[in-house]
Amino acid sequence: MSISVRQVPSDPVAAPLLAFLHADMFPIPEQWDAESFASLLSGHGIRLWVAERSGEDVVGFLLAREVVDEAEILTFGVIPDMRRHGVGRMLLDAFVRDLRQQGVTQLFLEVAVTNEPACGLYEQVGFSRAGYRKNYYPDGGDALVMTASLSGEN
């Protein structure tokens, strides 16, 4: 099995696929619908990266917004049967490498405080804990705010 990672155009036509994948990756209250994805994908500074299995099936994606020299990961996930196989790390590494080449110096995200595997991955690639957002998620769950400086090397 071969996994490839690449940036793709942020085209609203991808919204139904992203919504379908998101429903497999996240619990019901955190799932985004196709309309939400279409709105984001038509916005300025949106970047979409995908991980594909054997060049065909999308098994993970990362959606972010870039503004001047900062970027924020809006949503990022890997389908359940491909987790713990390095797919998320491949996506993050490719994304961060590209951001550095584009001159982005700061990267932000929010992650559920209970999502220990994701928190661990983010810390492995250089993110630090920067704060909390109480009741951030629809189910009342708190989010951990994390940030990474991209001006140095990981």
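Which residue's side chain does Arg47 meet in a salt bridge? The partner is Glu66, and the N to O distance is 2.3 Å. Bear in mind that this is a predicted model. Arg47 sits in strand 2 and Glu66 in strand 3, so this salt bridge ties together parts of the chain that are 19 residues apart in sequence.

Are the two partners buried or exposed? Arg47 has a relative accessibility of 7%, so with the cut-off for buried at under 20% it counts as buried. Glu66 comes out at 17% and therefore counts as buried too.

**The sheet**

Let's look at the strands next. There are 7 of them, forming an open sheet with mixed pairing, and the order runs 1-2-3-4-5-7-6. At the edges you'll find strand 1 (3-8) and strand 6 (128-133), each of which pairs on one side only. On average, neighbouring strands here are turned by 25° against each other, ignoring direction. As a bit of background, strands of a sheet pair through backbone hydrogen bonds, and they do so either parallel or antiparallel.

Take strand 5 (residues 106-112) and strand 7 (residues 143-149) as one example: they run antiparallel and are joined by 7 bridges. If you want a spot to zoom in on, Phe108 stands opposite Thr147 in strand 7.

**Helices across the sheet**

Two helices are worth following over the strands. Helix 1 (residues 15-25) lies across strand 2 (46-53), strand 3 (57-67) and strand 4 (70-78), and its direction makes an angle of about 105° with strand 3. Helix 3 (residues 87-101) lies across strand 1, strand 2, strand 3, strand 4, strand 5 and strand 7. Relative to strand 2, helix 3 runs at about 145°.

Helix 3 also has a helical neighbour to pack on. Helix 4 (residues 116-124) packs with helix 3 at an angle of about 40°, and the two axes are 11 Å apart. That angle makes helix 3 oblique to helix 4. On the helix 3 side, the contact is made by Gly88, Arg89 and Leu92, while helix 4 brings in Leu121, Tyr122 and Gln124. As for handedness, helix 3 passes helix 4 in a right-handed crossing.

**Salt bridges**

The structure holds 7 salt bridges. Here are some of them, including the pair we began with.

| Pair | Closest N to O distance |
|---|---|
| Arg47 and Glu66 | 2.3 Å |
| Arg89 and Asp93 | 3.1 Å |
| Arg129 and Glu123 | 2.6 Å |

How many residues apart are Arg89 and Asp93 in helix 3? They are 4 residues apart, which means about one helical turn separates them. Arg89 is partly exposed, with a relative accessible area of 33%, and Asp93 counts as partly exposed at 29%. Arg89 is also one of the helix 3 residues that make the contact with helix 4.

The Arg129 and Glu123 pair is another salt bridge between side chains. Here Arg129 is partly exposed, with a relative accessible area of 47%, and Glu123 is partly exposed as well, at 36%.

Finally, back to the opening pair. Arg47 and Glu66 belong to one network with Asp98, joined by salt bridges that share partners.

Conventions. Residues numbered from 1 in each chain as written. Predicted model: local features only at pLDDT ≥ 70, side-chain atom pairs only at ≥ 80, totals over all residues. Heavy atoms only, no water. Pairing = 2+ DSSP bridges. Axes fitted to C-alpha atoms, helices over the stretch in contact; angles between N-to-C directions. Contact = heavy atoms within 4.5 Å. Salt bridge = Lys/Arg side-chain N within 4 Å of Asp/Glu carboxyl O. Buried < 20%, exposed > 50% of the residue type's maximum accessible area, 1.4 Å probe, protein only. Parallel < 35°, antiparallel > 145°, perpendicular 65-115°, else oblique. Left-handed = near helix turned anticlockwise from the far one by under 90°.
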